[in-house]
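Here is a round of questions and answers on one protein model. Keep the structure open while reading.

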Amino acid sequence: MNKKNLIFILNPISGTVSKAGIPGLIEERLDKEKFNYRIAETKYAGHATELAREAAREGTDIVVAVGGDGTVNEVGRALASTETAMGILPCGSGNGLARHLNLPMNLKKCIDILNACEVHTLDYGVINGHPFFCTCGMGFDAFISMKFAEAGKRGPITYMQKILEEGLTYKPETYEIEDEEGTHSYKAFLVSAANASQYGNNAYIAPQASMSDGLLDIIVMEPFDLIDAPQVAIELFNKTLDKNLKIKTFRASHIHIRRKKEGYIHYDGDPVMTDADVDISIVPKGINIVVNPTGNKDYRQPNIVQTAFSELFYNIDLMRQDISRQSRKVQALNRNLLRKLNI
C-alpha cells in the first residue's frame, strides 16, 4: 500500500493551551503504516499559508492545521481549489469549523479521524477577496472581532467580556443588501454570512447552515433592547437563533452589501478594515477536508433548561410586541376620537 504524505502545520501560540505535547501525541497515535509525516511550526502571521501552499505544490495528500480558526483559515486559503485535503487538530479558543464538522476536542480522537482518512469536498466563501470557511460578517460581530484581537487574550471569557463592555453602546448601521432576488435595505446590529453553523465555542449564528449546499446562510440581526439580550444569548448557544423574531435569514450564493462608510469586516473571526462596498460569494465544492466519518450534526441537542429559558423569553417577546401593538391601537383610537371632538 502506498503511504500518503501528510504535514502538520502547528501554530505554537494559538489558543490558550501549550502545544508542547502535540508532536509526541502525533508520533504515538498516527498510523505510520498509512502515512509519512512531518511537522512544521509557524513563525509569523501568514506563515501557515506559505507552508500549506508549498505542500500543495509538492503534491502532499493532507495538510493538517494544528491551531484555532485563524490557523485553519490560513491553511484552508492555500488549499482551496487544489487536490490537497485539509485536516484539523483543534487547539484554538473557538474552533468553529472543527465543531461544525463534529470533530472532537480530544486530540487523540482527532488523530484517529485522520487515520480513518475520509475526505469530503465542501464549500467555502469569499468576502472582498478573503476566503472564509465558517463565517464572515460586518457590524457588531466584526467590531467585537477587532476588540477581541486588540485584547491579546483568547477564550470565551474574553469574548463575552467584550460583548458586555461594548454591546450596550454599539450603534446599528443601515445596510443595502442585493442578492439574486433583488435589493433590500435593513437597519441592523450585524449582517453575517455563514458557510458553517457557528462562530465557535458552540455559539450557533446559523444553526441550519451546510457546507455542501452551494449556498450561504445570510443573517440580519435587527437592533434589540436590553430585555431581548438574554433571549438572544440563550438562542445563540441553544441552536435556535434562527427562530428569533429579531433575526431575518435567507440563503444566497452571492450578495453585495453597500454601507454608508468604510468599516470593519471579519472572516473567520479575523478583522480587517475595508471600504463601504462588501461582496460575498460561495465557492461550491472548493476545498477537500478530512471529516469525522461517524459525526452526527445533531449531536449537541439543547438541554431542558436552555429550551425552557428560550421558550420563556420567546413568549415574553411575543407578549411585549402584542402589548406594544395594542398600545399603538389605543393611541390611534384616542387621536381619532380627539379629532372628532375638535370638529
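Q: Which residues are buried in H3?
A: The model is a predicted one. Helix H3 covers residues 69–79, and nine of its 11 residues are buried, so the rest of the structure largely encloses it. Those buried in H3 are Asp69, Thr71, Val72, Asn73, Glu74, Val75, Gly76, Ala78 and Leu79.

Q: Which residue with positive phi follows H3?
A: H3 spans residues 69–79. The residue in question comes after the helix and has a phi near 65°. It is serine 81.

Q: What does valine 75 touch, leaving aside residues up to four places away in sequence?
A: Val75 is one of the buried residues of H3. It is also among the five residues that touch the most other members of the largest nonpolar core, alongside Phe8, Leu89, Leu97 and Leu101. With sequence neighbours up to four places away left out, valine 75 touches Ile9, Ala48, Ala52, Val63, Ala65 and Met86.

Q: How many residues are in the largest nonpolar core?
A: Phe8, Val75, Leu89, Leu97 and Leu101 touch the most other members of this core. A second, separate core has 35 residues, including Ile144, Tyr199, Ala206 and Leu216. The largest core has 52 residues.

Q: Why do the buried residues of H1 line one face of the helix?
A: In H1, residues 22–29, the buried residues are Ile22, Leu25 and Ile26. In an α-helix with 3.6 residues a turn, residues three or four places apart point the same way. Seen down the axis of H1, the buried residues line one face because they fall within an arc of 100°.

Q: Which helix is included in what covers the buried residues of H1?
A: The buried residues to cover are Ile22, Leu25 and Ile26. Their cover includes strands E1 (4–10), E2 (35–41), E3 (62–67) and E4 (85–90). It also includes helix H5 (107–116).

Q: How many residues apart are glutamate 176 and arginine 258?
A: These two side chains form a salt bridge, with the closest N and O atoms 3.3 Å apart. Glutamate 176 lies in strand E8 (residues 173–179) and arginine 258 in strand E13 (residues 254–258), so the pair links distant parts of the chain, 82 residues apart.

Q: Which residues are linked in a network of salt bridges?
A: Glutamate 176 is partly exposed at 34% relative accessibility. Arginine 258 is partly exposed too, at 30%. The network links Glu176, Glu178 and Arg258.

Q: Is aspartate 217 buried or exposed?
A: Aspartate 217 forms a salt bridge with arginine 251, the closest N and O atoms being 3.0 Å apart. Aspartate 217 lies in strand E11 (residues 216–221) and arginine 251 in strand E12 (residues 247–252), so the pair ties together parts 34 residues apart in sequence. Arginine 251 is partly exposed, at 42%. With 9% relative accessibility, under the 20% limit, aspartate 217 counts as buried.

Q: Where is glutamate 222?
A: Glutamate 222 meets lysine 248 in a salt bridge of 2.1 Å, N to O. Lysine 248 is in strand E12, 26 residues from its partner. Lysine 248 is partly exposed at 35% relative accessibility, and glutamate 222 is partly exposed at 22%. Glutamate 222 sits in the loop between E11 and helix H8 (229–237).

Q: Why is the pair of tyrosine 124 and phenylalanine 133 tilted?
A: The whole structure has three aromatic pairs. In this one, both residues are buried. The ring centres are 5.6 Å apart. The pair is tilted because the planes meet at 40°.

Q: What separates the C-alpha atoms of alanine 203 and glycine 94?
A: Alanine 203 is in the loop between strand E10 (190–194) and E11. Alanine 203 is buried, with a relative accessible area of 4%. The two residues are 109 residues apart along the chain, yet their C-alpha atoms are separated by 9.1 Å.

Q: How many of the contacts with a separation of 6 or more link residues 24 or more positions apart?
A: The protein has nine helices and 16 strands. Of its 343 residues, 48% count as buried. For contacts with a separation of 6 or more, the share from residues 24 or more positions apart is 72%.

How values were computed: Residues numbered from 1 in each chain as written. Predicted model: local features only at pLDDT ≥ 70, side-chain atom pairs only at ≥ 80, totals over all residues. Heavy atoms only, no water. Helix = DSSP H or I, 4+ residues; strand = E, 2+ residues; numbered from the N terminus. Buried < 20%, exposed > 50% of the residue type's maximum accessible area, 1.4 Å probe, protein only. Contact = heavy atoms within 4.5 Å. Core = buried A, V, L, I, M, F, W, Y, C linked by side-chain atoms within 4.5 Å. Arc of directions from axis to C-beta. Salt bridge = Lys/Arg side-chain N within 4 Å of Asp/Glu carboxyl O. Phe/Tyr/Trp six-rings, centres within 6.5 Å; stacked < 30°, edge-to-face > 60°.
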